[in-house]
Each structure stands twice: as C-alpha cells, then as structure tokens.
Amino acid sequence: MKNLNIKEQALEVMKADAIHSFPDECCGFFYGNETETRNVTLAVAVQNSKDGDKRRRFEISPLQYMKAEQFAIEGGLTLLGVYHSHPANPAIASEHDRVVAMPWFSYIILSTFENEVRDVKSWQLDDERKFVEETIVQK
C-alpha cells in the first residue's frame, strides 16, 4: 500500500465534520492526485443519507457520487476516496465497511468522541478484498 499524504486543511475539514456530526457518523469525499503516493489536497463533506440510525452507519447517495466525480473532473483532481467517522469507536474498518468498499478508493476513518477526534486511520482493499492500513502523513 502507498502512503496517504494529507494536507492539514483537508484533514481539518474531516475532523470538523466528524465533531459537528457526533453522535452520528459523518461522511464525505477527498480529492487530490496520485504519483508515487496519494496526495489528499481537498475534503468535502456530504450528507449522511442513511435512513434510520446514523450513529452506526453512513450512506452516500448515488447522486452525491456522481456529483463528486463531476467535481473531480471539473477541478482537474482525482477522487481518491471516502471518509467517515466512527462515533465513540476505534478508527478500524468494520466488516460492513469492507463489504461495501470499492477496490481503488482509500477509506479514512475518524474515531470521534464528543468535541474531539482521537484517531485517524486510512484503509484500502488488497487483491483479496481485505483491508490493509495505509500510512497517513500530514503535510
């Protein structure tokens, strides 16, 4: 797996969204480019469109995915992945996260408690569809 370099400004958007959404899960997209590493330069929050209990699940609508792809194309960016929070739980990808994951994306998870993000991890599926942790480097 490659390193995931994240600009501080993009990470702050994710953290603010996670804290604001607590005790529900937040979600959003992150963009940038890929060379020998993935470089995250921008994060954009989207609405958690999950019906029912948003404390344990998030859902991003197909329309939001289409808008995210269009945003990337128009901005000359690459849609690198999805972030979401795990309220009052570790930043470890769940079995549900794994089942719904797409192979190329990175998945950033923020372990969020009231008024603070305690941990941030990123995950990507390997060739056997198992999550492998990516190394996050703040820039």
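**Close-up 1. Helix α2 and the glycine after it.** In this predicted model, helix α2 is followed by Gly76, whose phi is positive, near 65°; helices here are DSSP runs of H or I with at least four residues, strands are runs of E with at least two, and both are numbered from the N terminus. The end C-alpha atoms of α2 (residues 62-75, 14 residues) are 20 Å apart, which agrees with the 20 Å expected at 1.5 Å a residue, the expected span being 1.5 Å times one less than the number of residues.

**Close-up 2. Surroundings of Glu25.** Glu25 lies in the loop between α1 (8-21) and β2 (27-34). Glu25 is buried (under 20% relative accessible area, 1.4 Å probe, protein chains only) yet has no salt bridge, that is, no side-chain nitrogen of Lys or Arg within 4 Å of a carboxyl oxygen of Asp or Glu. The nearest side chain of opposite charge, Arg57, is 5.8 Å away, with Lys and Arg counted as positive, Asp and Glu as negative, and His and the chain ends not counted. A polar atom of the Glu25 side chain lies 3.4 Å from the backbone nitrogen of Phe58.

**Close-up 3. Contacts of Ile60.** Not counting residues up to four places away in sequence, Ile60 touches Cys27, Gly28, Phe29, Val46, Ser49, Tyr65 and Val82, where contact means heavy atoms within 4.5 Å.

**Numbering and criteria.** Residues are numbered from 1 along each chain as its sequence is written, and side-chain values use heavy atoms, without hydrogens or water. In this predicted model local features need pLDDT of at least 70 and side-chain atom pairs count only at pLDDT 80 or more, whereas totals for chains, interfaces and linings use all residues.

Notes
Buried < 20%, exposed > 50% of the residue type's maximum accessible area, 1.4 Å probe, protein only. Polar contact = N/O pair within 3.5 Å; in protein donor to acceptor, adjacent residues only side chain to side chain.
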